[in-house]
Amino acid sequence: LWTYLASLRVPTAAQRVDEASLANVQSLARSTWAYYDRYVGEADHHLPPDNVQFTEAQPMVAHRTSPTNIGMYLLCVAAAREMGFIEVAEMVQRHERTLESLDRLPRWRGHFHNWIDTQTLATLQPAYVSTVDSGNFSAMLLVLSSACESLAGGRGAQAGAAGGIDIDLGAAIDADPDAALRTRLMRLAAHTRTQALAADIR
């Protein structure tokens with residue numbers, strides 16, 4: 001009974017986000033994207049670092065990653081496209097490069113290991129898998145797969161609203177990708193769905 005009651009939607013009146021809060025959220029989103037834009041690249045096989053510690057001398061990058069980190073990065077790339085920070089073509093290219101690296105990683109019953117050296121792609125010892133991380137990864141890639149399908153169908157380039165935040169994407173997003181880009185989006189959707197469902201959870 002309590003589970004049922006907790007699952008019920010509580011009706012709330014629509015609220016408009018004030019200008020100051022909207023500016024704060026947009027600034028946070030841009031800062032989050034700047035982190036991934038700066039620290040995910042070819043030297044790390046297009047895989048995100050676990051963390052970056054900022055010291056007086058220079059930033060210390062943790063060149064290791066996990067399935068959760070990877071899933072968060074892939075979703076952040078999609079969000080950056082939706083926020084207008086990057087265009088569809090760059091989103092697709094970033095996703096393709098990361099997935100190419102994932103295809104090179106060993107798995108145990110479909111699960112990626114925690115942790116992975118981003119510079120060598122070696123599994124860090126002791127090798128183990130986390131069902132929590134695998135669940136996070138699968139859920140995020142299923143969301144990404146749907147996003148790619150939506151974009152390929154032309155439904156992802158319209159103005160969006162979330163929590164009272166309206167974002168005009170018209171000038172920032174390529175609303176009508178050419179046929180080749182649409183094909184890549186559909187391949188990406190299929191690839192991410194395959195990756196998401198690969199783990200054996202029995």
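**Close-up 1. Tyr-4 in helix 1 and its nonpolar neighbours.** Tyr-4 belongs to helix 1, which runs over residues 2-7. As everywhere in these views, the coordinates come from a predicted model. Is Tyr-4 buried or exposed? Tyr-4 is exposed, since its relative accessible area is 52% and the cut-off for that class is over 50%. Together with Trp-2, Leu-5 and Leu-8, Tyr-4 makes a nonpolar surface patch of about 500 Å².

**Close-up 2. A cluster of tyrosine rings.** Here we look at Tyr-35, Tyr-36, Tyr-39 and Tyr-73, which ring pairs link into a cluster. The structure holds four aromatic pairs. In the pair of Tyr-35 and Tyr-39, the ring centres are 5.5 Å apart and the planes meet at 50 degrees, so this pair is tilted. Both residues sit in helix 2 (residues 19-39), and because they are four residues apart there, about one helical turn separates them. Tyr-35 is partly exposed at 24% relative accessibility, whereas Tyr-39, at 12%, is buried. Tyr-36 and Tyr-73 make another tilted pair, with ring centres 5.4 Å apart and planes at 50 degrees. Tyr-36 comes from helix 2 and Tyr-73 from helix 3 (residues 67-83), so their contact ties together parts that are 37 residues apart in sequence. Both partners are covered: Tyr-36 is buried with a relative accessible area of 12%, and Tyr-73 is buried with 1%.

**Close-up 3. The open sheet of strands 3, 6 and 7.** Three strands, in the order 3-6-7, form this open sheet, and they pair in the antiparallel sense. Which strands lie at the edges? They are strand 3 (64-65) and strand 7 (123-128), each of which pairs on one side only. Strands of a sheet are held in pairs through backbone hydrogen bonds. Strand 6 (residues 114-117) joins strand 7 over two bridges, in the antiparallel sense. If you follow the partners across, Asn-114 stands opposite Tyr-128 in strand 7. The hairpin of strand 6 and strand 7 has five residues between the strands, and in it Leu-121 takes a positive phi near 70 degrees.

**Close-up 4. Arg-64, a charge with two partners to look for.** Arg-64 lies over the face of Trp-115, at 5.9 Å from the ring centre. Arg-64 also forms a salt bridge with Asp-50, where the closest N and O atoms are 3.7 Å apart. Asp-50 lies in the loop between helix 2 and strand 1 (52-53) while Arg-64 lies in strand 3, so the salt bridge ties together parts that are 14 residues apart in sequence. Both ends are partly exposed: the relative accessible area is 24% for Asp-50, and Arg-64 has a relative accessibility of 32%.

**Close-up 5. Arg-107 and the ring of Phe-112.** This view shows another charge over a ring. The charged end of Arg-107 sits over the ring of Phe-112, and the distance to the ring centre is 3.7 Å.

**Close-up 6. Arg-94 and Asp-37, a salt bridge between helices.** How many salt bridges does a search of the whole structure find? The search finds four. One of them joins Arg-94 to Asp-37, with the closest N and O atoms 2.5 Å apart. Arg-94 is part of helix 4 (residues 88-102) and Asp-37 is part of helix 2, so this pair ties together parts that are 57 residues apart in sequence. The partners differ in cover: Arg-94 is buried, with a relative accessible area of 13%, but Asp-37 counts as partly exposed at 41% relative accessibility.

**Close-up 7. Glu-96 and Arg-184, from helix 4 to helix 6.** The side chains of Glu-96 and Arg-184 come together in a salt bridge, at 2.7 Å from N to O. Glu-96 in helix 4 and Arg-184 in helix 6 (residues 179-196) are 88 residues apart, so to speak of this pair is to speak of a link between distant parts of the chain. Glu-96 is partly exposed, with a relative accessible area of 23%; Arg-184 is partly exposed too, at 29% relative accessibility. Elsewhere, Asp-37, Glu-90 and Arg-94 are joined into one network by salt bridges that share partners.

Note on methods
Residues numbered from 1 in each chain as written. Predicted model: local features only at pLDDT ≥ 70, side-chain atom pairs only at ≥ 80, totals over all residues. Heavy atoms only, no water. Patch = residues over 30% accessible without salt bridge, like charges linked within 9 Å, V, L, I, M, F, W, Y side chains within 5 Å. Areas by Shrake-Rupley, 256 points an atom, 1.4 Å probe, with all protein chains shown as cover. Buried < 20%, exposed > 50% of the residue type's maximum accessible area, 1.4 Å probe, protein only. Pairing = 2+ DSSP bridges. Phe/Tyr/Trp six-rings, centres within 6.5 Å; stacked < 30°, edge-to-face > 60°. Lys NZ or Arg CZ within 6 Å of the ring centre and 35° of its normal.
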